[in-house]
Amino acid sequence: MPVIGFPRHAVSFGLVPSVLACLLAPGPSVADDWELQSLSLRARVSEKTLLGEEAPEDFKEYDLSANVGLPWERYAASGWGVGTRVIASGGLLRGAGENALVVSAIPELTLGSEDRRFLLDLGAGGALFSRHRFGEQDFGGPFQFALTLGVTVPLYRRLGVGYRFLHYSDAGVNGPDTTGADFHMIEFSYR
């Protein structure tokens with residue numbers, strides 16, 4: 001049933017941030033369990049598109065991310081197991097001679113060592129773009145769904161290096177004529 005004065009997709013689109021906020025809000029008993037695990041610098045290294053249509057524009061992305069551990073984890077005596085975290089990032093997206101600020105929050109499931117030196121992660125969340133049209137390419141709106149897959153290995157002491165695949169898309173919320181983008185990124189992290 002549409003709400004008077006609002007398009008149907010705008011009402012359902014407005015529910016996404018509300019649902020994400022409720023899912024990520026901790027109860028008072030676990031608020032102290034959130035911890036900064038690492039900081040990362042990321043930059044795009046490839047242009048090949050894997051998901052969806054081929055993007056009409058070429059993009060570059062550079063960002064800084066903070067990886068915040070959530071209280072839900074389980075590790076075996078061997079030191080290997082699963083955990084949860086949120087990647088919060090902010091950076092620059094550049095395409096067709098235009099720049100945009102991009103901020104994102106992506107909850108993730110991690111698999112790896114308890115000291116987080118070796119990690120495989122998978123997550124889905126959201127991103128906000130300060131601009132959503134770049135030349136011929138229209139992302140459809142300022143809110144984008146974000147999917148990510150990454151792997152991190154130790155480089156030297158507290159430094160690590162990793163690979164991250166990042167996909168932005170509006171998932172058709174803003175119509176069938178929108179195109180997302182895929183990024184293969186190199187990531188340098190400090191635990």
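Start with β10 and β11: select both strands and you'll see them pair in the antiparallel sense, over 10 bridges. One bridge to pick out joins G160 to S189 in β11. Keep in mind as you click around that this is a predicted model.

**Stop 1: β10 and its other partner**

Now keep β10 (159-169) on screen and add β9 (143-156). These two strands also run antiparallel, and 11 bridges join them. Look for Y156, which stands opposite L159 in β10.

Is β10 mostly covered or mostly open? Mostly covered: nine of its 11 residues are buried.

Pick S169, which sits in strand β10. Buried or exposed? S169 has a relative accessible area of 18%, and the cut-off for buried is under 20%, so S169 counts as buried. Leaving aside residues up to four places away in sequence, S169 touches Q144, F145 and G180, so show those three as sticks too.

While the strands are up, here is a handy rule for viewing them. In a regular strand, side chains alternate between the two faces of the sheet.

**Stop 2: two residues with a positive phi**

First, a bit of background: most residues other than glycine have a negative phi. That gives you a reason to visit the next two.

Select R157, in the loop between β9 and β10. R157 isn't a glycine, yet its phi is positive, about 50°. The hairpin of β9 and β10 has two residues between the strands, and this is where R157 takes that positive phi. Is R157 buried or exposed? Its relative accessibility is 64%, so R157 counts as exposed.

Next, hop to A171, in the loop between β10 and β11. A171 is another residue other than glycine with a positive phi, this time near 55°. With a relative accessible area of 59%, A171 is exposed.

**Stop 3: the largest nonpolar core**

Time to go inside. The largest nonpolar core has 15 residues. Which of them touch the most other members? Select F59, L93, F129, F139, Y168 and F183. The elements that give two or more residues to this core are β5 (98-113), β6 (119-129), β10 and β11, so colour those four strands to see where they run.

Then zoom in on F183. What does F183 touch, not counting residues up to four places away in sequence? Its contacts are R44, F59, E61, L93, R164, F165, L166 and Y168. Three of the names from the core selection turn up here: F59, L93 and Y168.

**Stop 4: the largest cavity**

How many cavities of 30 Å³ or more are there in the whole structure? A search finds three. The largest has a volume of about 100 Å³.

To find this largest cavity, select its lining: Q37, S38, S40, N67, R85, R116, L119, T152, R164, E187, S189 and R191. Two of these should look familiar: R164 is among the contacts of F183, and S189 is the bridge partner of G160.

Which strands each supply at least two residues of this lining? They are β1 (35-46) and β11 (181-190). β1 gives the most, with three residues.

Finally, try colouring the lining by residue type. You'll get one nonpolar residue, six polar and five charged.

Methods
Residues numbered from 1 in each chain as written. Predicted model: local features only at pLDDT ≥ 70, side-chain atom pairs only at ≥ 80, totals over all residues. Heavy atoms only, no water. 1 Å grid on protein atoms, 1.4 Å probe; cavity = no way out; pocket = protein on both sides within 12 Å on 5 of 7 lines; lining within 4 Å. Points joined across faces, edges and corners; volume = space filled by probe spheres on them. Nonpolar A, V, L, I, M, F, W, Y, C, P; charged D, E, K, R; others polar. Core = buried A, V, L, I, M, F, W, Y, C linked by side-chain atoms within 4.5 Å. Buried < 20%, exposed > 50% of the residue type's maximum accessible area, 1.4 Å probe, protein only. Contact = heavy atoms within 4.5 Å. Pairing = 2+ DSSP bridges.
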